[in-house]
Amino acid sequence: MFMEWLYDNSYALPGLEPNLPWWPVVAVIVLLLLINVAANKAVPGYYLFWALGGSVVVLALGVMDGCTWGDLGLAPRTWIRGLIWGGIAMLVVFAIYAVGSTWRRTRQAFHDQNIAGLSLPRLFWQSLVELPFGTVLFEEIAFRGVLWAMLARRYGIVWATVWSSLLFGLWHILPSLDLHERNSRLGEVGGGGHLARIIAIVGSVVTTTIGGIVFCGLRIGSGSLFAPMGLHWATNGWGYLFARAVTPKQK
């Protein structure tokens, strides 16, 4: 009985509605592009503002397009199930990171000089405030909530998953421009320099696209955005913890 309830998502998935106009989807994508540039390049100091404000605007666009709370993965009756799925995902990621950070072959992948240089108050601010209420909240509402639901209503669940995940991968181009400098292992790939940067960017886009597919799978399986939110925070939040623990401090 419990397992049937855990997988009951029949009322939380959008139905196919052919002949809907395409311009609302384009409007959301353009808005995401503007927020990405503003948050990463134009005025990065106001990232939390852009994320919270963007969440409200994107959600409003989804509602005006005709998406229900169930379509968006936010129906109240799915909250508890989503939190259970999300909690399980957080425990699984913690276990994987705990093993990976102690294994010599994978330990260096956790190195991040930016995180290692953070003070403890700043570390807690980023992992417990900016990350969940900025990055996770906005990206899940935008990509697995509004954009996914709008695409699913027009083209079906499979194409919605493919396109929203690809756009999620491209969303990470700007944040990954200095990734090869923050991770010494990536910086050494291809002899360093511009090649290392290109490899780091491509790797970031590919991995986050795959991650987007996994997040969509959790949203579909649970019927709730809280499930991918839990996994999304875990992959980054636990990453702060383990990067801080294993990255050698620069003198």
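Where is the kink in helix 12 centred? I put that at the top of my page and went looking. Helix 12 has a kink of about 30 degrees, and the centre is Ala234. A note to self before going on: this is a predicted model.

**Helix 12, end to end**

I wanted to know how the length of helix 12 works out. Helix 12 has 21 residues, so at 1.5 Å a residue the span should be 30 Å, and the end C-alpha atoms are indeed 30 Å apart. The expected figure and the one from the model agree.

**Overall layout**

Next I stepped back to the whole protein. I counted up the elements and got twelve helices and zero strands. Reading along the sequence, I just wrote α over and over: α-α-α-α-α-α-α-α-α-α-α-α. The protein has 251 residues, and 46% of them count as buried. I also checked how far along the chain the contacts reach. Taking contacts between residues at least 6 apart in sequence, 82% join residues at least 24 apart.

**The core**

Then I went inside. The largest nonpolar core holds 48 residues. The ones with the most contacts inside this core are Leu32, Val58, Leu72, Phe138, Phe143, Val146 and Leu147. Several helices each supply at least two residues of the core, among them helix 2 (23-42), helix 3 (47-64) and helix 4 (79-100). Helix 8 (157-171), helix 11 (193-222) and helix 12 (226-246) are also included. Which helix gives the most to this core? I found that helix 7 does, with 14 residues.

I picked Phe138 from that list for a closer look. Leaving out residues up to four places away in sequence, Phe138 touches Leu32, Ile35, Ala51, Gly54, Ser55, Val58 and Trp171.

**Glu130**

I stayed with helix 7 for one more entry, since Glu130 is placed there. Is Glu130 buried or exposed? The relative accessible area is 18%, so I logged Glu130 as buried, the cut-off being under 20%. With residues up to four places away set aside, Glu130 touches Tyr47, Leu48, Arg122, Trp125 and Thr135.

**Aromatic rings**

My search of the whole structure turned up eleven aromatic pairs. One of them is Phe94 with Trp238, an edge-to-face pair at 4.9 Å centre to centre, with 70 degrees between the planes. This pair links distant parts of the chain: Phe94 sits in helix 4 and Trp238 in helix 12, 144 residues apart. Phe94 has a relative accessibility of 34%, so I put it down as partly exposed.

A stacked pair came next. Trp159 and Trp163 are 6.5 Å apart centre to centre, with 25 degrees between the planes. Why are these two about one helical turn apart? Because they are four residues apart in helix 8. The general rule I jotted beside this: an α-helix has 3.6 residues a turn, so residues three or four places apart point the same way. Trp163 is partly exposed, with a relative accessible area of 42%.

I also marked one aromatic cluster made of Phe94, Tyr97, Trp233, Trp238 and Phe242. Last in the ring notes is a charge: Arg144 lies over the face of Phe168, at 4.1 Å from the ring centre.

**Two glycines**

I looked up Gly73 in the loop between helix 3 and helix 4. Gly73 counts as buried, because its relative accessibility is 1%. Ignoring neighbours within four places in sequence, Gly73 is in contact with Thr78, Arg219, Gly223, Ser224 and Leu225. I checked a C-alpha distance too: Gly73 and Trp148 are 75 residues apart along the chain, and their C-alpha atoms are separated by 9.9 Å.

Gly217 was my other glycine, and it lies in helix 11. Gly217 is partly exposed, with 39% relative accessible area. Its C-alpha atom is 9.6 Å from that of Ala227, ten residues apart along the chain.

**Asn19**

My final lookup was a backbone angle. What is phi of Asn19 near? I read it as near 75 degrees, a positive value in a residue other than glycine. Asn19 is in the loop between helix 1 (2-6) and helix 2. With a relative accessible area of 80%, Asn19 is exposed.

Definitions and conventions: Residues are numbered from 1 along each chain as its sequence is written. This is a predicted model: local features need pLDDT of at least 70, side-chain atom pairs count only at pLDDT 80 or more; totals for chains, interfaces and linings use all residues. Side-chain values use heavy atoms; hydrogens and water are left out. A nonpolar core is a set of buried Ala, Val, Leu, Ile, Met, Phe, Trp, Tyr and Cys residues joined through side-chain atoms within 4.5 Å. Buried means under 20% relative accessible area, exposed over 50%, partly exposed in between (1.4 Å probe, protein chains only). Contact means heavy atoms within 4.5 Å. The expected span of a helix is 1.5 Å times one less than its number of residues. The bend at a residue is the angle between axes fitted to the seven residues ending there and the seven starting there. Rings of Phe, Tyr and Trp (its six-membered ring) pair if their centres lie within 6.5 Å; planes under 30 degrees apart count as stacked, over 60 as edge-to-face and the rest as tilted. A charge sits over a ring if NZ of Lys or CZ of Arg is within 6 Å of the ring centre and within 35 degrees of the ring normal.
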